[in-house]
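Please prepare a briefing on the chain shown here. It should cover overall form, core, surface and backbone details.

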Amino acid sequence: MSSFDSAAYGPVFAELLKTPRIMPLDPGEENGSAKAGLEALDLDEAFAPNSISDRTMAEGCCSGLWLYHDFLVTSHTLSQQITTPTGSYWHGIMHRREPDYPNGKYWFGRVGDHDIYPELRDEAATIASGTDNLPDEAAYLMSQSSWDPFAFIDLCEGANVGGVPAGDLCRGIQQREWELLFDYCYRKAIA
């Protein structure tokens, strides 16, 4: 499994990501200590010395940052304005955490076959393989030929409200998913 290095995204993003967080499967509690930094975020400064070539992808990074710090309403407002598959991806994650599982599935239906899915499938299998007592409901993670966001929503729902003992597993996969999507948006923003 690859590691996520917040310093790779420059000092502004590194500051907003300096405190490691494992996002919950529910709305969580807004991280008030990050709010001023998020509100002051200027994307051009955040990406410097790189220039932004795809503003939509840069806005995806912004939506992801608000989500990372559990400001779901602001993340939702931002992702709703990004009318691309990647915007729908951020939107779907937010609804999965809300939790509004049917709405999350709707937005993942608009994502299509996202570029991060192959790596996410592999990373999820690695995380699952390191899980003691993998529940039957999560066994599919070890053998899926492509990433299934709908099955993952079902697994998160089961872990969050249905008594499936997969909370840590789902949070670990969700964290890696966030990292991959943030990295994807960052790279596309400056391509």
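The points below are grouped by topic, from the whole chain down to single residues.

The model is predicted. The chain holds 10 helices and 0 strands, and 50% of its 191 residues are buried. Its radius of gyration is 16 Å, which agrees with the value near 16 Å for a compact globule with 191 residues.

**Overall form**

- Read from the N terminus, the order of elements is α-α-α-α-α-α-α-α-α-α.
- The C-alpha trace spans about 45 × 30 × 30 Å along the principal axes of the chain.
- Of the contacts between residues at least 6 apart in sequence, 70% link residues at least 24 apart.

**Surface and charge**

- About 8,800 Å² of the chain is exposed, and 48% of this area is supplied by carbon and sulfur atoms.
- The chain carries 29 negative and 13 positive side chains.
- The centres of these two sets of charges lie 2 Å apart.

**Nonpolar core**

- The largest nonpolar core has 57 residues, and within this core F13 and Y89 touch the most other members.
- Helix α10, residues 167–190, gives this core its largest share, 11 residues.
- Beyond four places in sequence, Y89 touches F108, V111, H114, I116, Y117, L120, W147, E177 and L181.
- Helix α6 covers residues 85–97, and helix α8 covers residues 117–129.

**Helix α5**

- Helix α5 runs over residues 72–80 and includes V73; T77 lies in α5 as well.
- V73 is exposed because its relative accessible area, 63%, is over the 50% cut-off.
- T77 has 39% relative accessibility, so it falls between the 20% and 50% limits and counts as partly exposed.
- From V73 to Y89 there are 16 residues along the chain, and their C-alpha atoms are separated by 15 Å.
- From T77 to H91 there are 14 residues along the chain, and the separation of their C-alpha atoms is 8.9 Å.

**R171 in helix α10**

- R171 belongs to helix α10.
- The relative accessible area of R171 is 26%, so this residue is partly exposed.
- Setting aside residues up to four places away in sequence, R171 touches I22, M23, P24 and L25.
- R171 and N160 are 11 residues apart in sequence, and their C-alpha atoms are 10 Å apart in space.

**D70 and the loop between α4 and α5**

- D70 sits in the loop that connects α4, residues 55–68, with α5.
- D70 is buried because its relative accessible area of 5% is under the 20% cut-off.
- Outside its neighbours within four places in sequence, D70 contacts R21, M23, P24, P27, G28, E29, E30 and R97.
- M23 and P24 are among the contacts of D70, and both are also touched by R171.
- Phi of D70 is positive, near 70 degrees, in a residue other than glycine.

**N133 and the loop between α8 and α9**

- N133 is placed in the loop between α8, residues 117–129, and α9, residues 149–161.
- Phi of N133 is near 55 degrees, also a positive value in a residue other than glycine.
- N133 is exposed, since its relative accessible area is 72% and the cut-off is over 50%.
- Thus the two positive-phi residues described here have opposite burial: D70 is buried, whereas N133 is exposed.

**Cis peptide bonds**

- Most residues other than glycine have a negative phi, and most peptide bonds are trans.
- A48 and P49 are joined by a cis peptide bond with omega of about 10 degrees.
- P49 is in the loop between α3, residues 43–47, and α4.
- E98 and P99 are also joined by a cis peptide bond, with omega of about -10 degrees.
- P99 is in the loop between α6, residues 85–97, and α7, residues 101–111.

Definitions and conventions: Residues are numbered from 1 along each chain as its sequence is written. This is a predicted model: local features need pLDDT of at least 70, side-chain atom pairs count only at pLDDT 80 or more; totals for chains, interfaces and linings use all residues. Side-chain values use heavy atoms; hydrogens and water are left out. A nonpolar core is a set of buried Ala, Val, Leu, Ile, Met, Phe, Trp, Tyr and Cys residues joined through side-chain atoms within 4.5 Å. Buried means under 20% relative accessible area, exposed over 50%, partly exposed in between (1.4 Å probe, protein chains only). Helices (H or I, at least four residues) and strands (E, at least two) are DSSP runs, numbered from the N terminus. Contact means heavy atoms within 4.5 Å. The radius of gyration is taken over C-alpha atoms; the globule rule is 2.2 Å times the number of residues to the power 0.38. Accessible areas come from the Shrake-Rupley method with a 1.4 Å probe; for residues, only the protein chains shown count as cover. Lys and Arg count as positive and Asp and Glu as negative; His and the chain ends are not counted. The place of a charge is taken as NZ of Lys, CZ of Arg, CG of Asp or CD of Glu.
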